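Trainee: I would like a close look at a single part of this model. Please take one element, and then set it against the chain as a whole.

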Amino acid sequence: MNEALSGLLDLLDLEQIEEDIFRGTSRPSLVPRVFGGQVAAQALVAAGRTVPGDRTAHSLHSYFLRTGDPGAPIVYTVDRIRDGRSFTTRRVVAVQHGQPIFHLSASFQVDEEGLDHQVTMPDAPDPETLPTAAEALPAYRHLFRDPGTAERLLEARGAVDLRYATTPPWGTIGEPVEPRSQVWFRTSGKLDSADPLLHTCLATYVSDMTLLDSVLLAHGRGGWAVGDVVGASLDHAMWFHRPLRADEWLLYDQDSPTSHGGRGLGQARIWTQDGRLAATVIQEGVVRVPRA
């Protein structure tokens, strides 16, 4: 396990400061704000810590309310909305400097049998045949806003082995293409824990990294690292259908059905390497062209 992954696991191991109140810290990101995937993952950790152990997360719905300060702790307050025989619901508010920056509702369910079907997994290249981020990014260094962006991007994603199966948005600048993107991801090392909550939270963390790529592809925009758009996540929803392990290859198949009014919508499915549909993700974000 590398240092970056160890640091991420530490970030997700929230400090409990009172009953149903937890505190987390942040890690550096590409932009001077807290990475949205980190806040979502930590909020899900806080919710999960108050839920009976026989229940796993099956959905979350969240809103990003204010920019998070990476230099200040984040306090997560959990409301125990409902404890039913099969389902448990929690609401989490993340607060910094006395103001809410993020709101999450999550639902957990006991394991049970039921009707089972899924759509077919899309075709994708074997992840082991794809270049790592460290191998692929140097070819695009000249497109980024400054020479250090590639290194900062690698550092920010150091806990995750993320490999593009399709061309990233900065590889199609000026050439609008089909708004679809595929990446394979897994943690950058094996995990000792089999705790479903941990693996679900890690998948939540990664799910915010590339989901709006497909919006950029539709317009030939390179993205935040290039500087030809500005934006931020507005909301984020996930449904967890089947068990997953974040330290095994997961295919993130993403597309964008629409963008309008300074907002873009991304939707995606997360698949295990053996073809099981593990999760569905939808996110809307601000996507604006910078003013001259």
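Mentor: What follows is an account of one strand, the loop before it, and the chain around them.

The model is predicted. The element to look at is strand 8, which covers residues 180-187. Of its 8 residues, 6 are buried, so the strand is mostly covered.

Strand 8 has pairing partners in strand 7 and in strand 10. Strand 7, residues 160-164, pairs with strand 8 in the antiparallel sense, over 5 bridges. Within this pairing, Val183 of strand 8 stands opposite Tyr164. Strand 10, residues 250-260, also runs antiparallel to strand 8, and 6 bridges join the two. Here Phe185 has Leu250 of strand 10 as its bridge partner.

Two residues can be taken in turn, beginning with Ser181, which is placed in strand 8. Its relative accessible area is 0%, and Ser181 therefore counts as buried, the cut-off being under 20%. Apart from neighbours within four places in sequence, Ser181 is in contact with Tyr164, Thr166, Asp213, Ser214, Leu217, Tyr252, Asp253 and Gln254. Tyr164 in that list is the residue that stands opposite Val183.

Pro179 belongs to the loop between strand 7 and strand 8. Its relative accessibility is 26%, and because partly exposed covers the range between 20% and 50%, Pro179 falls in that class. With neighbours within four places in sequence left aside, Pro179 is in contact with Ser214, Leu217, Ala218, Gln254, Asp255 and Ser256. Ser214, Leu217 and Gln254 are also among the contacts of Ser181. Pro179 and Leu216 are separated by 37 residues in sequence, while their C-alpha atoms are 7.6 Å apart.

Now the chain as a whole. The protein chain has 6 helices and 12 strands. Its radius of gyration is 18 Å, close to the 19 Å that the globule rule gives for 292 residues, so the chain is as compact as a globular protein of that length. Along the principal axes, the C-alpha atoms fill a box of roughly 55 × 45 × 40 Å. Buried residues make up 49% of the 292. Among contacts with a separation of 6 or more, 72% are between residues 24 or more positions apart.

The accessible surface of the chain is about 13,900 Å², and carbon and sulfur atoms account for 50% of that area. As for charge, the chain carries 27 positive and 37 negative side chains, with the centres of the two sets 5 Å apart.

Definitions and conventions:
Residues are numbered from 1 along each chain as its sequence is written. This is a predicted model: local features need pLDDT of at least 70, side-chain atom pairs count only at pLDDT 80 or more; totals for chains, interfaces and linings use all residues. Side-chain values use heavy atoms; hydrogens and water are left out. Buried means under 20% relative accessible area, exposed over 50%, partly exposed in between (1.4 Å probe, protein chains only). Helices (H or I, at least four residues) and strands (E, at least two) are DSSP runs, numbered from the N terminus. Two strands pair if DSSP finds at least two bridges between them. Contact means heavy atoms within 4.5 Å. The radius of gyration is taken over C-alpha atoms; the globule rule is 2.2 Å times the number of residues to the power 0.38. Accessible areas come from the Shrake-Rupley method with a 1.4 Å probe; for residues, only the protein chains shown count as cover. Lys and Arg count as positive and Asp and Glu as negative; His and the chain ends are not counted. The place of a charge is taken as NZ of Lys, CZ of Arg, CG of Asp or CD of Glu.
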